[in-house]
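You asked for a colleague's reading of this model before you go through it yourself. Please keep the structure open beside the note and look up each residue as it comes.

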Amino acid sequence: MPTNNHELPLEMVRNRPQLVPEMLRTVFGLDVSDQARATLASESYADTNPAELRCDATVLLGDPKSPVMGVVVESQLRALKQKSYSWPAYLASLRLRRRCPVMLLVLCPDPATARGCAAPIDMGHPGWVLEPLTVHPGMLPPITDPNQARRLPELAVLGAPAHADGPQSEAVLQGLSAAIGSLSGDTGKLYYDYVLSRFSDAARKLMEETVKLDNYEWQSEFAITHRAEGRAEGEGKALLLMLEARGLDVPEDVRARVEGCTDSEQIERWIQRAVSADSAEDLFT
């Protein structure tokens with residue numbers, strides 16, 4: 001199951017596809033019309049083989065039946081070698097299906113991950129090199145205008161952790177408060193939980209004062225669920241570090257199984273086995 005860190009940025013894209021062209025304009029300076037309609041498309045790319053290619057999200061710009069641009073959106077918590085093979089396949093499949101130019105936008109949690117995911121992918125054919133467009137919160141502009149924050153609340157939420165302790169912290173948090181206040185239903189609570197978990201203690205305190213929510217609790221069901229997943233994620237990272245510290249090779253399938261586990265008790269059992277395991281695969285025997 002995807003973790004909070006992985007899934008929330010994608011949930012924001014799905015809630016407001018217009019976030020994608022906005023990031024392409026503001027971060028990369030690309031000539032993407034702010035008048036073009038942005039809609040979600042299928043995230044599955046089935047081909048003639050039984051296997052299915054499935055990206056995290058796809059956004060089409062313009063008329064969905066005849067788009068002017070297709071954007072594959074991926075959320076990455078770390079750089080993975082296998083993505084250098086799947087990402088070009090996503091783009092080629094989308095271009096074939098939609099008959100339009102395509103781009104790849106990768107959402108990353110920090111600069112190091114963004115640098116790793118931005119590594120050029122040499123396809124082998126002369127001149128054919130894919131350079132992923134990667135973005136982390138520090139690349140997003142600080143949203144201090146409440147009206148702008150209400151127009152694109154997801155942009156304010158994604159960028160706030162990078163600017164909440166900076167020189168414009170108070171204005172950023174006021175913009176964030178306006179953004180969250182403009183959302184209906186549980187979405188505002190969901191985003192508030194997400195952004196608060198990424199703030200420093202000082203920023204969290206100022207934010208709580210800004211929105212007048214003393215003794216704030218984790219309110220949304222999504223956040224309650226992913227708090228447990230977040231604990232499991234941290235334990236999983238500790239387990240992988242333990243294996244590597246013992247000099248054991250950690251194959252990708254073992255790493256994927258550990259990182260995908262959200263059961264803390266199961267990971268604790270694996271940690272106990274890791275103390276004396278002769279190989280990473282012994283965790284599962």
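The numbered points below go from the whole chain to single helices and residues.

1. Please bear in mind throughout that this is a predicted model. The protein chain holds 12 helices and 9 strands, and of its 285 residues, 45% count as buried. About 14,600 Å² of the chain is exposed, with carbon and sulfur atoms supplying 50% of that area. As for how the chain folds back on itself, 64% of the contacts between residues at least 6 apart in sequence join residues that are at least 24 apart.

2. A good place to begin inside the protein is the largest nonpolar core, which has 47 residues, and in which Val-73, Leu-105, Leu-176 and Phe-199 touch the most other members. Helix H8, covering residues 187-196, gives the most to this core, contributing 6 residues. Apart from this core lies another one, of 15 residues, including Leu-104, Cys-108, Cys-117 and Ile-121. As general background, nonpolar side chains in soluble globular proteins tend to be buried together.

3. Leu-176 deserves a separate look, since its contacts can be followed one by one in the display. Leaving out residues up to four places away in sequence, Leu-176 touches Ala-156, Val-157, Ala-160, Val-195, Phe-199 and Met-207. Among these partners, Ala-156, Val-157 and Ala-160 are listed with the buried residues of H6, while Val-195 is listed with the buried residues of H8.

4. Helix H8 is mostly covered, with 8 of its 10 residues buried. The buried residues are Gly-188, Leu-190, Tyr-191, Tyr-192, Asp-193, Tyr-194, Val-195 and Leu-196. Tyr-192, which has its place in this helix, counts as buried because its relative accessible area is 4%, under the 20% limit. The C-alpha atoms of Tyr-192 and Ala-179, which are 13 residues apart along the chain, are separated by 9.9 Å.

5. Helix H6 is likewise mostly covered, since 9 of its 11 residues are buried; they are Pro-153, Glu-154, Leu-155, Ala-156, Val-157, Leu-158, Gly-159, Ala-160 and His-163. Is His-163, in helix H6 (residues 153-163), buried or exposed? At 17% relative accessibility, His-163 counts as buried, because the limit for that class is under 20%. The His-163 side chain reaches the backbone oxygen of Leu-140 at 2.7 Å. Not counting residues up to four places away in sequence, His-163 touches Pro-137, Gly-138, Leu-140, Pro-141, Pro-142, Ser-169 and Val-172.

6. Helix H11, made of residues 252-260, has Val-254, Arg-255 and Val-258 as its buried residues. These three cover an arc of only 100° around the axis, and therefore they lie on the same side of H11.

7. Which residues form the aromatic pair, given that a search of the whole structure finds 1? The pair is Trp-270 with Phe-284, arranged edge-to-face, at 5.1 Å centre to centre and with 75° between the planes. The pair links distant parts of the chain, for Trp-270 belongs to helix H12 (residues 264-274) and Phe-284 to the segment after H12, 14 residues apart. Cover differs between the partners: Trp-270, at 4% relative accessibility, counts as buried, whereas Phe-284, at 23%, counts as partly exposed.

8. Arg-99 merits a check of its backbone, since its phi is near 55°, a positive value in a residue other than glycine. Arg-99 sits in the loop between helix H3 (83-98) and strand S6 (102-107). With a relative accessibility of 64%, Arg-99 counts as exposed, because that class begins over 50%.

9. Finally, please look at Val-129, which is found in strand S8, residues 129-130, and is partly exposed, with a relative accessible area of 39%. Leaving aside neighbours within four places in sequence, Val-129 is in contact with Pro-120, Ile-121 and Asp-122. One of these partners, Ile-121, is also among the members of the 15-residue core. Val-129 and Pro-88 are 41 residues apart in sequence and, C-alpha to C-alpha, 9.7 Å apart in space.

Definitions and conventions
Residues are numbered from 1 along each chain as its sequence is written. This is a predicted model: local features need pLDDT of at least 70, side-chain atom pairs count only at pLDDT 80 or more; totals for chains, interfaces and linings use all residues. Side-chain values use heavy atoms; hydrogens and water are left out. Buried means under 20% relative accessible area, exposed over 50%, partly exposed in between (1.4 Å probe, protein chains only). A polar contact is a pair of N or O atoms within 3.5 Å; within protein, one must be able to donate a hydrogen and the other to accept it, and residues adjacent in sequence count only if both atoms are side-chain atoms. Contact means heavy atoms within 4.5 Å. Helices (H or I, at least four residues) and strands (E, at least two) are DSSP runs, numbered from the N terminus. The arc is that of the directions from the helix axis to the C-beta atoms. Accessible areas come from the Shrake-Rupley method with a 1.4 Å probe; for residues, only the protein chains shown count as cover. A nonpolar core is a set of buried Ala, Val, Leu, Ile, Met, Phe, Trp, Tyr and Cys residues joined through side-chain atoms within 4.5 Å. Rings of Phe, Tyr and Trp (its six-membered ring) pair if their centres lie within 6.5 Å; planes under 30 degrees apart count as stacked, over 60 as edge-to-face and the rest as tilted.
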